[in-house]
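Visitor: Please give me a close look at one part of this model, with the backbone and the degree of exposure in view, and then set that part beside a few other places in the chain.

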Amino acid sequence: MKEIVLNNRKNGMLVLILTSLLYLAAIGGCVGGAVLFSGGGLPVLLVISIVWLCVGWIPYCGLKILKPQEALVLTLFGKYVGTLKDAGFYYVNPFCSSINPAAKTRLGQSGDVDSGKQKASPLSFSLDSSSISVQPSDRKISLKIMTLNNCRQKINDCLGNPVEIGIAVMWRVVDTAKAVFHVDNYKEYLSLQCDSAVRSIVQIYPYDISPNVDTTGDGIADEGSLRGSSEEVAARIRQVLQEKVKEAGLEIIDTRITYLAYAPEIAAVMLQRQQASAVIDARKMIVDGAVGMVEMALERLEEKQTVELDDERKAAMVSNLLVVLCGSHEVSPVVNAGNLY
């Protein structure tokens with residue numbers, strides 16, 4: 001279905017003025033016709049005026065007002081006529097009807113037109129990605145940039161660890177004909193495809209950097225991860241989601257990860273694992289520094305010939321210095337008041 005934009009229908013004000021003047025003329029014709037009919041004249045003027053008063057309201061049904069970033073898809077007896085996109089006062093065939101299957105659908109986190117003051121509705125239901133409520137609305141399609149804040153999903157990463165992730169999707173309608181006629185409800189369609197795209201991409205990456213994991217599909221292990229490559233993950237989600245919603249006339253402008261964490265059932269264990277890894281890294285750094293300080297101390301003693309130490313004394317000195325430098329608690333010094341040996 002190809003979109004047809006109607007740009008030559010901005011004559012609503014002219015039709016409004018003419019129709020209103022004809023109504024005033026019909027009222028005057030009724031009065032004048034009644035006078036003539038009572039005087040024995042022909043009631044033609046009276047009949048015409050009454051008929052116009054009965055059917056003259058029909059042209060008012062063809063008056064359409066559009067605000068900026070709004071569109072109206074029109075059909076005539078089931079056939080697609082065109083789309084009004086530009087802001088203005090339009091007049092179309094009064095028998096044309098506007099169609100928007102998602103008019104009553106409000107994504108709970110979406111910036112839909114006139115959704116800032118949503119009225120309470122007795123009918124509502126939920127999808128996996130967001131809460132959707134059914135409310136009275138007009139048939140206009142918003143062309144504004146809207147945001148879908150995807151609810152958190154529990155997905156297993158490539159290592160089988162369950163993680164919770166949530167994303168925000170910035171999107172808009174670019175082809176109203178596809179949005180209305182190619183899918184049943186383009187908002188629900190976007191919501192469900194968003195879940196599918198997130199799940200397909202998250203399963204490729206580990207939560208944190210892991211060895212021997214290929215996230216790019218080139219057969220070479222890399223350092224990609226959900227936590228360390230969030231920009232890359234969001235870009236791949238946007239690319240996959242755009243391919244899925246292209247036939248619905250939607251454009252995905254941007255995606256952002258809003259929440260990322262291990263699932264609660266393994267969060268404590270993974271926290272201990274991260275703490276252990278941090279302790280090991282810290283200890284390794286301390287040992288490397290201590291060995292360097294011991295080597296420097298021995299070199300300085302030999303360089304200045306302060307004292308000559310045999311291998312046994314050097315080993316004892318190295319042992320004592322490493323205990324002092326690598327210990328997690330302060331040590332109590334022991335002063336040797338005797339001779340060296």
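Guide: With a relative accessibility of 45%, Q69 counts as partly exposed, and it should be said at once that the model is a predicted one. The label follows because partly exposed covers the range between buried, under 20%, and exposed, over 50%. Q69 sits in the loop that joins strand 1 (63-66) to strand 2 (70-76). Its backbone deserves attention, since Q69 is not a glycine and yet has a positive phi of about 65°. Most residues other than glycine have a negative phi.

Following the chain through strand 2 brings us to F77, which is placed in the loop between strand 2 and strand 3 (79-84). F77, too, is a residue other than glycine with a positive phi, here near 55°. F77 has a relative accessibility of 71% and therefore counts as exposed, whereas Q69 is partly exposed.

A loop elsewhere in the chain offers a buried site to set beside these two. D175 belongs to the loop between strand 12 (162-173) and helix 3 (176-181), and D175 is buried without having a salt bridge. The nearest side chain of opposite charge is that of K178, 4.6 Å away; a salt bridge needs the side-chain nitrogen within 4 Å of a carboxyl oxygen, so this pair does not qualify. What the side chain of D175 does reach is the backbone nitrogen of A177, at 3.2 Å. Leaving aside residues up to four places away in sequence, D175 touches E3, A248 and G249.

Helix 1 (residues 12-38) gives another view of the surface, and L21 lies within it. L21 has a relative accessible area of 49%, which means that it is partly exposed. Together with M13, L14, I17, L18, L24, I27 and V31, L21 makes up a nonpolar surface patch of about 780 Å².

These places belong to a protein chain with seven helices and 13 strands. Of its 341 residues, 34% count as buried, D175 being one of the buried residues. The accessible surface of the chain comes to about 20,100 Å², and carbon and sulfur atoms hold 58% of that surface. Among the contacts in the chain with a separation of 6 or more, 67% are between residues 24 or more positions apart.

Definitions and conventions: Residues numbered from 1 in each chain as written. Predicted model: local features only at pLDDT ≥ 70, side-chain atom pairs only at ≥ 80, totals over all residues. Heavy atoms only, no water. Helix = DSSP H or I, 4+ residues; strand = E, 2+ residues; numbered from the N terminus. Buried < 20%, exposed > 50% of the residue type's maximum accessible area, 1.4 Å probe, protein only. Lys, Arg positive; Asp, Glu negative; His and termini not counted. Polar contact = N/O pair within 3.5 Å; in protein donor to acceptor, adjacent residues only side chain to side chain. Contact = heavy atoms within 4.5 Å. Patch = residues over 30% accessible without salt bridge, like charges linked within 9 Å, V, L, I, M, F, W, Y side chains within 5 Å. Areas by Shrake-Rupley, 256 points an atom, 1.4 Å probe, with all protein chains shown as cover.
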